[in-house]
Amino acid sequence: MLNHAKAEYYTHSTTPELEIDDERTLETVRLVALAAEDRKAEEITVLKVSEISYLADYFVIVTGFSTVQVRAIYQAIAKQVEQDTQRVPLSIEGQREGTWILMDYGDVIVHIMLPEEREFYSLEAFWGHAERIDVLTLL
């Protein structure tokens, strides 16, 4: 499925390019999960939303237990993804507050949240019809 957010990656919609892009997306998800785990993030959840949303292909939702930890998780993810894939987020929101940092890679959106934010906004429930990916298969 070609998501609007991913359209910038395609010059021609050929099958090999689509496969390469899918691999790139899954590698980004894997790196995000690894970096978050390395910074002791909890409740790492991966939702495949490509079939139900044009926003992205995957959401990665993680919990940090202080604003310092939330920022450290964000920094670790940004560094790891850029180092291994030469990708930087298209946009980043919430750095100053540190209660919910959103990193938008186009095909992957990362939510790093304090427990109170995660419980209040309940993204897993809102996107409950999305396919859950077992994070252990990515690590």
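Biologist: Starting with the rings, are Phe59 and Trp127 buried or exposed?

Modeller: Both are buried. Keep in mind that this is a predicted model, so "buried" is a computed label for a relative accessible area under 20%.

Biologist: How many aromatic pairs are there, and how do you decide what counts as one?

Modeller: The count comes to four aromatic pairs, taking ring centres within 6.5 Å as the test. In one of them, Phe59 and Trp127 sit 5.2 Å centre to centre with 90 degrees between the planes.

Biologist: And why is the Phe59 and Trp127 pair called edge-to-face?

Modeller: The label goes to planes over 60 degrees apart. These two planes are at 90 degrees, so Phe59 and Trp127 qualify as edge-to-face.

Biologist: What makes you say that this pair links distant parts of the chain?

Modeller: Phe59 belongs to strand E2, whereas Trp127 is in the loop between helix H4 (123-126) and strand E6 (131-133), and the two are 68 residues apart.

Biologist: Why is the pair of Trp100 and Tyr121 called tilted, then?

Modeller: Their ring centres are 4.8 Å apart, within the 6.5 Å limit, so they do pair. The planes meet at 55 degrees, which is neither under 30 (stacked) nor over 60 (edge-to-face), and therefore the pair is tilted. Trp100 lies in strand E4 and Tyr121 in helix H3 (residues 115-121), so the pair ties together parts 21 residues apart in sequence.

Biologist: Why do Trp100 and Tyr121 both get the label "partly exposed"?

Modeller: Partly exposed runs between the 20% and 50% marks. Trp100 has 23% relative accessibility and Tyr121 has 41%, so each falls in that middle band.

Biologist: Which residues do ring pairs link into a cluster?

Modeller: Phe59, Phe126 and Trp127.

Biologist: On to the inside. Which residues have the most contacts within the largest nonpolar core?

Modeller: Of its 28 residues, those are Ile44, Val60, Val62, Ile77, Met103, Val110 and Ile112. At least two core residues come from each of helix H1 (15-38), strand E1 (42-48), strand E2 (58-63), helix H2 (67-85), strand E4 (100-104) and strand E5 (108-113). H2 gives the largest share, seven residues. There is also a second, separate core of 10 residues, including Ile61, Ile109, Leu123 and Trp127.

Biologist: What is Met103 in contact with, once its neighbours within four places in sequence are left aside?

Modeller: Quite a list: Tyr74, Ile77, Ala78, Pro89, Ser91, Val108, Ile109, Val110 and Ile112.

Biologist: Val32 sits in helix H1. Why is Val32 called buried?

Modeller: Its relative accessibility is 0%, and buried means under 20%, so Val32 counts as buried. Leaving aside neighbours within four places in sequence, Val32 is in contact with Val60, Ile77, Val81 and Val110. The C-alpha atoms of Val32 and Ala76 are separated by 8.5 Å, although the two are 44 residues apart along the chain.

Biologist: How do you know that the length of H2 agrees with what is expected of a helix?

Modeller: H2 has 19 residues, and at 1.5 Å a residue it should span 27 Å. Its end C-alpha atoms are 27 Å apart, so the two values agree.

Biologist: Which residues of H2 are buried?

Modeller: Gln69, Val70, Ile73, Tyr74, Ala76, Ile77, Ala78, Val81 and Thr85. Ala72, also in H2, is partly exposed with 24% relative accessible area. Gln86 follows H2 and has a positive phi, near 60 degrees.

Biologist: Arg87 lies in the loop between H2 and strand E3 (91-93). What makes Arg87 count as buried?

Modeller: Its relative accessibility is 3%, which is below the 20% cut-off, so the residue counts as buried.

Biologist: Which side chain does Arg87 join through a polar contact?

Modeller: That of Asp107, at 2.8 Å. The limit for a polar contact is 3.5 Å, so this pair falls inside it.

Biologist: Last one: what pattern does the whole chain follow?

Modeller: Along the sequence it reads α-β-β-α-β-β-β-α-α-β, with four helices and six strands. Buried residues make up 45% of the 139 residues. Of the contacts between residues at least 6 apart in sequence, 60% join residues at least 24 apart.

Methods
Residues are numbered from 1 along each chain as its sequence is written. This is a predicted model: local features need pLDDT of at least 70, side-chain atom pairs count only at pLDDT 80 or more; totals for chains, interfaces and linings use all residues. Side-chain values use heavy atoms; hydrogens and water are left out. A nonpolar core is a set of buried Ala, Val, Leu, Ile, Met, Phe, Trp, Tyr and Cys residues joined through side-chain atoms within 4.5 Å. Buried means under 20% relative accessible area, exposed over 50%, partly exposed in between (1.4 Å probe, protein chains only). Contact means heavy atoms within 4.5 Å. A polar contact is a pair of N or O atoms within 3.5 Å; within protein, one must be able to donate a hydrogen and the other to accept it, and residues adjacent in sequence count only if both atoms are side-chain atoms. The expected span of a helix is 1.5 Å times one less than its number of residues. Rings of Phe, Tyr and Trp (its six-membered ring) pair if their centres lie within 6.5 Å; planes under 30 degrees apart count as stacked, over 60 as edge-to-face and the rest as tilted.
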